[in-house]
Amino acid sequence: QEHVHGDRSLLSEFLSMTRLAEASDRDHSLLLQALAFLRQCDYSTADVCCILAHACRYLLDAVEDLRARLQPGEIGNIA
C-alpha cells in the first residue's frame, strides 16, 4: 500500500492532463484499481508514468469521439 498516496497524485495529474474534470468517484476508483494492478505486476513508477502518458493521448481522442454518447461514470472504463 506504499504507492497509494503516490498513485492518487499520479491519477490527479493524469486527470488534469486529460482535462476530465467531470470524472466521477467511480471513474477514480476504476483508475486507482488499474494503477494498483500495474503495481502488483511490478511495473516501476517510470513505466506507470509512460503507460499513463499513452493512455492520456488515447483517452483524449476517444472522449472527443464519444463524448455525446458517454454516460456519467464511463470514462474510467475507457482509460
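**Figure 1. Sequence separation of contacts across the chain.** Among contacts in the chain with a separation of 6 or more, 64% join residues 24 or more positions apart. The model shown here and in the following views is predicted. Four helices and zero strands are assigned to the chain, and its elements follow the order α-α-α-α from the N terminus. Of the 79 residues in the chain, 32% are buried. The exposed area of the chain is about 5,400 Å², of which carbon and sulfur atoms supply 53%.

**Figure 2. The largest nonpolar core.** This core comprises 15 residues. Those touching the most other members are Leu 11, Phe 14, Leu 15, Leu 31, Leu 35, Val 48 and Leu 52. At least two residues of the core are supplied by each of α1, α2 and α3 (45-66). With seven residues, α3 provides the largest share. In soluble globular proteins, nonpolar side chains tend to be buried together.

**Figure 3. Helix α3, its span and its buried residues.** The 22 residues of α3 should span 32 Å at 1.5 Å a residue, because the expected span is 1.5 Å times one less than the number of residues. The end C-alpha atoms of α3 are 30 Å apart, which agrees with that expectation. Buried positions in α3 are Val 48, Leu 52, Ala 55, Cys 56, Leu 59, Leu 60, Ala 62 and Val 63. Val 48 and Leu 52 also appear among the residues of the largest nonpolar core that touch the most other members.

**Figure 4. Ala 23 in the loop between α1 and α2.** Ala 23 lies in the loop that joins α1 (4-18) to α2 (25-40). The relative accessible area of Ala 23 is 14%, under the 20% limit, and the residue therefore counts as buried. When neighbours within four places in sequence are left aside, Ala 23 is in contact with Leu 15 and His 28. Of these two partners, Leu 15 belongs to the largest nonpolar core.

**Figure 5. Asp 42 in the loop between α2 and α3.** Asp 42 is located in the loop between α2 and α3. Although Asp 42 is not a glycine, its phi is positive, at about 65°. The relative accessibility of Asp 42 is 69%, over the 50% limit, so the residue counts as exposed. Ala 23, in the loop between α1 and α2, is by contrast buried.

Terms used: Residues are numbered from 1 along each chain as its sequence is written. This is a predicted model: local features need pLDDT of at least 70, side-chain atom pairs count only at pLDDT 80 or more; totals for chains, interfaces and linings use all residues. Side-chain values use heavy atoms; hydrogens and water are left out. Buried means under 20% relative accessible area, exposed over 50%, partly exposed in between (1.4 Å probe, protein chains only). Contact means heavy atoms within 4.5 Å. Accessible areas come from the Shrake-Rupley method with a 1.4 Å probe; for residues, only the protein chains shown count as cover. A nonpolar core is a set of buried Ala, Val, Leu, Ile, Met, Phe, Trp, Tyr and Cys residues joined through side-chain atoms within 4.5 Å.
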